[in-house]
Amino acid sequence: MKIQTLRTILFLTGGLIAAAQTSHAGDQQKFEVTIPEGDKISIRVPNQWTHSVIQPEPTLPPTVTILSPTKTVSIQITFLPDPRGFFTTKESVDRAVTNANQRYVEGSVEKKTNLIQLESKIVRGCYAAYTDAAVAAAKTPEKGEYAKVASGVFVIRKQGAVFTVLSNDTTGDDYKLAFRTITEHIIQP
């Protein structure tokens with residue numbers, strides 16, 4: 001398991017898509033994305049954090065990347081319409097997260113999936129957290145590598161969102177702020 005590979009793919013995709021919009025520190029920290037066959041979603045980004053939106057065509061689901069000022073925490077969220085109600089129940093979300101995260105299990109320190117429910121009045125969902133065994137063994141990850149990955153799904157009204165939080169520290173303020181962004185700062189206006 002190389003979390004770096006996922007990050008590299010997302011980074012390259014973001015760099016290649018001309019429709020990407022980027023906000024930097026000092027710019028307005030609230031923006032909206034429109035999910036095809038879904039709703040318009042408003043996202044508030046913490047001060048000093050940056051974000052980009054990748055949606056090459058209005059008919060494709062948008063992907064949002066949010067980075068802490070020091071780039072020690074990275075959030076990627078892809079919003080998906082859910083007109084058929086695939087994510088209607090807690091069980092269906094739990095099953096989707098469990099199945100999607102199997103790719104992390106073998107290369108992780110944990111060697112298993114433990115679901116953690118999101119605590120929120122706005123979104124509903126869960127995630128699983130893993131430690132990349134190869135990166136963790138290095139003690140000090142190389143720049144751009146992350147030892148920790150949290151990957152999950154949340155539901156907000158008629159859409160689901162697949163998210164990943166990458167970090168090397170799961171106890172720091174930026175990591176906690178990343179999850180507050182997911183659970184409190186993504187709303188339907």
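# Exercises on a predicted protein model

Buried residues make up 46% of the 189 residues in the protein. The structure is a predicted model, and its secondary structure amounts to five helices and 11 strands. Among contacts with a separation of 6 or more, 56% join residues 24 or more positions apart.

## Exercise 1. An open sheet

Task: Determine the strand order of the open sheet of three strands, and identify its edge strands.

Solution.
- Step 1. The order of this open sheet is β2-β3-β11, and the pairing is antiparallel.
- Step 2. The edge strands are β2 (30–34) and β11 (186–187), each of which pairs on one side only.
- Step 3. Between β2 and β3 (residues 40–44), which run antiparallel, there are five bridges. F31 has I43 of β3 standing opposite.

## Exercise 2. The surroundings of strand β8

Task: Establish which strands are joined to β8, and by how many bridges. Then decide whether β8 is largely enclosed or not.

Solution.
- Step 1. β7 (115–117) pairs with β8 (residues 124–131) in the antiparallel sense, over three bridges. The two strands form a hairpin, with six residues between them. The bridge partner of Q117 is C126 in β8.
- Step 2. β8 is also joined to β9, by eight bridges, and these two strands run antiparallel. G125 stands opposite F154 of β9.
- Step 3. Six of the eight residues of β8 are buried, so the strand is largely enclosed by the rest of the structure.
- Step 4. Helix α2 (residues 90–100) has the buried residues S92, V93, D94, A96 and V97. The cover over the buried residues of α2 includes β7, β8 and β9.

## Exercise 3. Aromatic pairs

Task: Describe the geometry of the pairs Y104 with Y130 and Y127 with F179, and state which parts of the chain each pair ties together.

Solution.
- Step 1. A pair of aromatic rings is described by the distance of the centres and the angle of the planes.
- Step 2. The whole structure holds eight aromatic pairs. For Y104 and Y130, the ring centres are 5.5 Å apart and the planes lie at 35°, so this pair is tilted.
- Step 3. Y104 belongs to helix α3 (residues 102–105) and Y130 to strand β8, so their pair ties together parts 26 residues apart in sequence. Y104 and Y130 are buried.
- Step 4. The pair of Y127 and F179 is tilted, with 4.6 Å from centre to centre and 35° between the planes. Because Y127 lies in strand β8 and F179 in helix α5, this pair ties together parts 52 residues apart in sequence.
- Step 5. Burial is assigned under 20% relative accessible area. Y127 has 12% and is therefore buried; F179 has 11% and is therefore buried.
- Step 6. Ring pairs link Y127 and F179 with F79, F154, F163 and Y175 into a cluster.

## Exercise 4. The polar residue S151

Task: Is S151 buried or exposed, and what does its side chain contact through polar atoms?

Solution.
- Step 1. S151 is located in strand β9 (residues 148–156).
- Step 2. Its relative accessibility is 5%, so S151 counts as buried.
- Step 3. The side chain of S151 makes a polar contact of 3.0 Å with the side chain of N101.
- Step 4. With neighbours within four places in sequence left aside, S151 is in contact with V97, N101, Y104, Y127, A128, F163 and T164.

## Exercise 5. Helix α5 and the largest nonpolar core

Task: Identify the element that gives the most to the largest nonpolar core, and the residues that touch the most other members.

Solution.
- Step 1. This core has 29 residues, of which V33, I43, I77, F79, F154, F163 and V165 touch the most other members.
- Step 2. At least two core residues come from each of β2, β3, β5 (63–67), β6 (73–81), β9, β10 (159–167) and α5. Helix α5 gives the most, with five residues.
- Step 3. Helix α5 (residues 173–184) has 12 residues and reaches 15 Å from its first C-alpha to its last, close to the expected 16 Å. Its buried residues are Y175, L177, A178, F179, T181, I182 and T183.
- Step 4. For V33, neighbours within four places in sequence are again left aside; the contacts are D39, K40, I41, I43, V53, P62, V64 and F79.

Definitions and conventions. Residues numbered from 1 in each chain as written. Predicted model: local features only at pLDDT ≥ 70, side-chain atom pairs only at ≥ 80, totals over all residues. Heavy atoms only, no water. Pairing = 2+ DSSP bridges. Helix = DSSP H or I, 4+ residues; strand = E, 2+ residues; numbered from the N terminus. Expected span 1.5 Å × (residues − 1). Buried < 20%, exposed > 50% of the residue type's maximum accessible area, 1.4 Å probe, protein only. Phe/Tyr/Trp six-rings, centres within 6.5 Å; stacked < 30°, edge-to-face > 60°. Polar contact = N/O pair within 3.5 Å; in protein donor to acceptor, adjacent residues only side chain to side chain. Contact = heavy atoms within 4.5 Å. Core = buried A, V, L, I, M, F, W, Y, C linked by side-chain atoms within 4.5 Å.
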